[in-house]
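Student: Please take a close look at one part of this chain. Pick a single residue and work outward from there.

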Amino acid sequence: MTDNSLSRVRIDKWLWAARFYKTRSLAKQAIDGGKVHLDGARVKPSKEIQLNMRLSITQSHIQKQVLVTGLSEHRRGAPEAALLYQETAQSIAKREAMALDRKAAGLSASQYESRPNKKQRRQIHRFMNIHQDDG
């Protein structure tokens with residue numbers, strides 16, 4: 001539930017209330033580190049945000065573009081926190097494409113989940129010895 005009486009909220013409090021960060025301290029560190037931009041510009045943790053402002057939030061390797069649709073200074077459950085913002089369609093599409101790229105890159109990685117066993121090591125050595133004699 002959004003607080004109807006609020007017209008402005010500090011950005012660090014809002015990020016914490018919207019559940020982008022677990023603590024206000026982490027939200028402040030992200031803002032200070034340039035991971036949060038308001039309408040395309042870096043901000044300070046004390047910057048007050050209003051409805052319909054655009055935020056760009058980077059977490060790990062994921063970047064989200066969100067529109068502020070509600071204000072709250074209090075951290076509530078995830079369903080209520082999700083009402084405080086709306087992620088843009090372009091941002092969602094970009095995130096999903098990046099997730100598919102990461103998944104595809106993972107599939108092309110090694111097929112083995114552990115070290116080769118003794119039989120496999122012998123096969124590798126045999127293969128390597130055969131090809132060393134060729135060159």
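Tutor: Start with K64, which lies in strand 6. The model is predicted. K64 is buried, yet K64 has no salt bridge. The nearest side chain of opposite charge is E87, 5.2 Å away. A salt bridge would need a side-chain nitrogen within 4 Å of a carboxyl oxygen, so E87 does not supply one at 5.2 Å. E87 is still in contact with K64. Leaving aside neighbours within four places in sequence, the other contacts of K64 are F20, L55, S56, I57, Q59, S91 and R95.

Now the strand itself. Strand 6 covers residues 62-68 and is joined to strand 7 by three bridges. The two run antiparallel. Along this pairing, L67 stands opposite Q86 in strand 7.

Next, the sheet. Five strands make an open sheet, in the order 3-2-5-6-7, with antiparallel pairing. Strand 3 (41-42) and strand 7 (85-87) stand at the edges; each has a single partner strand, so one side of each lacks a neighbour in the sheet. Strands in a sheet pair through backbone hydrogen bonds.

Then the whole chain. The chain has five helices and seven strands, in the pattern β-α-α-β-β-β-β-β-α-β-α-α. Of its 135 residues, 25% count as buried, K64 being one that is buried. Among contacts with a separation of 6 or more, 49% link residues 24 or more positions apart.

Finally, the surface. The chain exposes about 9,600 Å², with 51% from carbon and sulfur atoms. I124, F127 and M128 make a nonpolar surface patch of about 300 Å². F127 sits in helix 5, residues 118-134.

Note on methods: Residues numbered from 1 in each chain as written. Predicted model: local features only at pLDDT ≥ 70, side-chain atom pairs only at ≥ 80, totals over all residues. Heavy atoms only, no water. Patch = residues over 30% accessible without salt bridge, like charges linked within 9 Å, V, L, I, M, F, W, Y side chains within 5 Å. Areas by Shrake-Rupley, 256 points an atom, 1.4 Å probe, with all protein chains shown as cover. Helix = DSSP H or I, 4+ residues; strand = E, 2+ residues; numbered from the N terminus. Pairing = 2+ DSSP bridges. Buried < 20%, exposed > 50% of the residue type's maximum accessible area, 1.4 Å probe, protein only. Lys, Arg positive; Asp, Glu negative; His and termini not counted. Contact = heavy atoms within 4.5 Å.
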